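User: Please take a close look at the empty space in this structure, then carry on into the strands and helices. Keep it informal, and say how each term is defined.

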Amino acid sequence: MGNREMNGNKIWYGGDYNPEQWPEETWQGDLDLLKGAGIDTLTLNVFSWASLQPSEETYDFARLDRIMDLVRKNGFRVILATSTGAHPAWMAKRHPDILRTEFNGMRRKFGGRHNSCPNSPSYRLYAPRLAGKLAERYAGCENLAAWHISNEFGGTCYCENCERAFRAWLREKYGTLEALNRAWDTAFWGHTFYDWDEIVVPNLLSEYLDNERNMFQGIALDYKRFNSDSMLACFQMEYEAVKAFTPDIPVTTNLMGFYKELDYGKWGRFMDIVSWDNYPENEDPPAKIAMAHDLMRGVGGGKPFLLMEQTPSVANWLPYNALKRPGVMRLWSYQAAAHGADSILFFQMKRSVGACEKLHGAVIDHVGNGNTRVYRETAALGEELKRLGGRTLGARTKADAALYFDWDNWWAIDGSAGPSKDLDYLEEFFLYYQALYEENIGVDVIGPQDSFSEYRLVIAPMLYMVKPGLDEKIRQFVSDGGCFAATCFSGMADENDLIVTGGYPGRLRDILGIWVEESDALPEGRENHFTYKGKRYPARLLCDLSHPEGAQALSAYEEDFYAGMPALTVNRFGAGQAFYMGACSGPEFYRHWLSDVCKQCGAAPALPPVEGVEVTERENENGTFLFVLNHNETPALQPLSAPCRDLLGGARYEAGDSAALPAKGVMILERIV
């Protein structure tokens with residue numbers, strides 16, 4: 001991250017501050033309140049393009065100069081945004097090519113944000129130019145800690161700019177129309193292309209039946225890849241613009257967890273440090289929040305990341321925007337740190353008075369003072385982070401197991417015509433993650449770019465698409481002694497979403513030691529069953545009908561014409577073993593089965609599992625740290641396996657002791673060696 005990176009004296013604490021929305025005479029009072037809450041880091045300039053550039057060639061940095069100077073004098077570090085997440089109104093008027101076209105073909109007018117076409121020549125001219133001018137102006141600021149490019153890149157455009165750029169992208173990828181026609185199987189329905197200009201964007205005007213279902217999955221899949229690459233190119237242009245003046249300042253942009261539109265697995269390689277915005281829905285279980293943190297750590301190559309945004313109290317866009325109950329903000333903040341965050345940042349520092357975020361939570365509420373529950377909780381956490389200091393900074397997460405996640409696979413499964421409208425890649429992925437989470441098994445979320453060699457167990461739920469080389473990577477991993485687990489709807493297609501002929505699961509067939517003849521899609525409410533180690537479990541949604549080819553059946557279906565056919569198998573392959581779960585089941589089965597698999601392959605829990613208590617492990621040069629988080633509404637006892645001391649409370653424990661956690665309580669236990 002450079003010589004001004006964040007391995008300073010403590011976790012960064014603060015978040016988005018928008019002083020431009022307030023009279024200048026209020027700024028110092030705001031900063032005094034924020035300092036009183038232990039805030040030390042401010043994200044500035046997120047949506048100021050219109051004021052920074054009031055006309056074509058005019059730039060005005062006077063107000064930002066005053067803000068930057070005041071923030072520096074008050075001792076805050078700055079994450080400086082480039083403001084390009086919302087273009088000015090004059091730009092849309094003078095350069096309409098910058099406006100997006102929606103999925104239904106509707107051309108947008110000025111308004112909202114994220115309304116810039118990523119392939120607009122005007123956007124690609126003005127956005128990096130502004131970023132460069134900001135970097136040139138503020139390069140000498142000693143409190144400049146990081147660059148924040150744009151804000152929450154997202155969405156898709158279907159305009160003429162994108163259509164032309166899509167054709168160019170396809171030319172570069174395929175080289176010839178013959179290769180493209182093969183990859184898209186355009187012989188189907190007479191879609192053969194004889195000229196590049198015959199290709200149009202896939203949307204409701206062309207290849208889609210409705211908002212979800214499309215008729216040519218290969219075309220739709222490539223457009224999703226193209227759109228993600230287009231957005232990434234915009235990030236890269238701004239990245240290069242700021243790096244030209246500040247080569248030692250880390251550059252990031254705030255990602256959004258499991259955000260479907262952009263392939264973060266590719267994006268992570270081009271970011272100095274990954275950052276993301278954590279806004280779970282009220283009903284989300286803690287495991288789902290943890291899974292998103294692990295994904296963000298994974299796309300960053302396993303390195304610590306920044307929690308760029310969370311709300312200190314309430315969101316503003318959910319159907320029911322419930323408050324965070326007392327203790328939950330602290331708990332979720334430490335949960336981020338438990339999974340690799342070296343910052344705890346909020347949106348927002350001060351609640352706005354107008355527009356759609358006026359009811360979104362903030363450290364400073366509309367009352368304008370520190371006499372609020374949220375401010376007191378923020379200040380208490382700020383004081384605690386000061387005492388914690390830099391002990392955990394830079395610590396890497398220890399994981400014996402990995403879950404394989406791929407955006408191309410996600411896009412392909414969700415765009416598939418069949419076998420079931422209820423098939424949901426992300427939901428099935430979560431059930432496998434949850435099973436490991438509840439056993440306190442450390443998990444990395446990995447992707448096509450990552451090695452398998454450091455893990456004992458790799459699970460690839462619904463690995464429908466097997467890209468070139470992936471089967472060899474799996475084959476080598478299992479041959480060398482690793483445990484691999486795949487599920488129903490795996491090994492069916494190649495990277496172009498063309499079915500691999502010769503029998504499912506295609507290139508995985510020898511590894512898994514089975515041939516899947518066909519699959520039965522069960523409607524909601526209908527189940528088959530199987531028995532595993534004396535306990536009967538449901539088989540739902542999709543049931544693969546397979547024949548062992550060297551694999552051993554561990555369980556079999558009990559109903560319908562395929563009763564007796566294997567539901568769960570294991571195949572000895574080299575020094576390792578490969579499991580195949582041929583049906584979708586439920587959380588109880590996944591936890592039972594994967595607990596057994598973890599024991600077989602030596603993937604050990606960080607601490608003995610306790611219901612509702614989350615445990616993760618991080619290591620750095622300072623030592624080994626166990627984050628213990630009680631998500632329950634009642635106190636809990638956590639058995640300990642080694643001597644340790646609590647960095648937050650100061651208590652010391654011996655092996656065999658049990659630590660008492662209050663409801664929503666947190667401990668950071670340092671192992672004593």
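Analyst: First, the residue classes: Ala, Val, Leu, Ile, Met, Phe, Trp, Tyr, Cys and Pro count as nonpolar, Asp, Glu, Lys and Arg as charged, and the others, Gly among them, as polar. By that split, the lining of the second largest pocket has 13 nonpolar, two polar and six charged residues. This is a predicted model, where local features need pLDDT of at least 70 and side-chain atom pairs count only at pLDDT 80 or more, while totals for chains, interfaces and linings use all residues. Residues are numbered from 1 along each chain as its sequence is written, and side-chain values use heavy atoms, with hydrogens and water left out.

Now for the spaces themselves. On a 1 Å grid over the protein atoms alone, a cavity is a set of points where a 1.4 Å probe fits but cannot get out, and a pocket is an open set with protein on both sides within 12 Å along at least five of seven lines; lining residues have an atom within 4 Å of a point. Points are joined across faces, edges and corners, and a volume is the space filled by probe spheres set on them.

Staying with the second largest pocket, its volume comes to about 560 Å³. Of the 21 residues that line this pocket, Met256, Tyr279, Pro280, Glu281 and Asp284 lie nearest the centre. The elements that supply two or more of its lining residues are strand 7 (275-277), helix 10 (286-299) and helix 14 (425-438); helices (H or I, at least four residues) and strands (E, at least two) are DSSP runs, numbered from the N terminus. Helix 10 contributes the most to this wall, with four residues.

The largest pocket holds about 650 Å³ of space. Its lining takes in 27 residues, and Gln21, Phe47, Arg113, Phe347 and Glu357 sit nearest its centre. Sort that lining by class and you get nine nonpolar, 11 polar and seven charged residues.

On to the closed spaces. Searching the whole structure turns up four cavities of 30 Å³ or more. The largest cavity has a volume of about 100 Å³. If you want to find this cavity on your screen, look for its lining residues, including Thr84, Arg100, His114, Tyr123, Phe153, Met231 and Cys234. The lining of the largest cavity counts five nonpolar residues, six polar and one charged.

The second largest cavity contains about 50 Å³. Its walls are made by Asn214, Gln217, Ala220, Leu221, Lys224, Trp411, Ala412, Gly415 and Asp497. Helix 8 (217-243) and helix 13 (407-414) are the elements that give two or more residues to this lining, and helix 8 gives the most, with four. By class, this cavity is lined by four nonpolar, three polar and two charged residues.

Helix 8 also leads us to helix 7 (residues 177-184). Six of the eight residues of helix 7 are buried, so this helix is largely enclosed by the rest of the structure; buried means under 20% relative accessible area, exposed over 50%, and partly exposed in between (1.4 Å probe, protein chains only). The buried ones are Leu177, Ala179, Leu180, Asn181, Ala183 and Trp184. They pack against helix 6 (160-174) and helix 8, where contact means heavy atoms within 4.5 Å. Just past the end of helix 7, Asp185 has a positive phi of about 50°.

Ala139 is worth a glance too. You'll find Ala139 in the loop between helix 5 (121-138) and strand 4 (144-148). Ala139 counts as partly exposed because its relative accessibility is 22%. Its C-alpha atom is 6.3 Å from that of Phe245, although their positions lie 106 residues apart along the chain.

Last stop, the sheet. Seven strands make an open sheet with mixed pairing, in the order 12-11-13-14-20-19-18; two strands pair if DSSP finds at least two bridges between them. Strand 12 (443-446) and strand 18 (552-556) are the edges, each pairing on one side only.

Strand 11 (residues 401-404) is covered on both faces, with Ala401 and Leu403 buried on one side and Ala402 and Tyr404 buried on the other. Strand 11 runs parallel to strand 12, joined by four bridges, and Ala402 has Asp444 as its bridge partner there. Strand 11 is also parallel to strand 13, through three bridges, with Ala401 partnered by Leu457. Elsewhere in the sheet, strand 19 (residues 566-573) and strand 20 (residues 576-581) run antiparallel, joined by six bridges. Leu568 finds its bridge partner in Met581 of strand 20.
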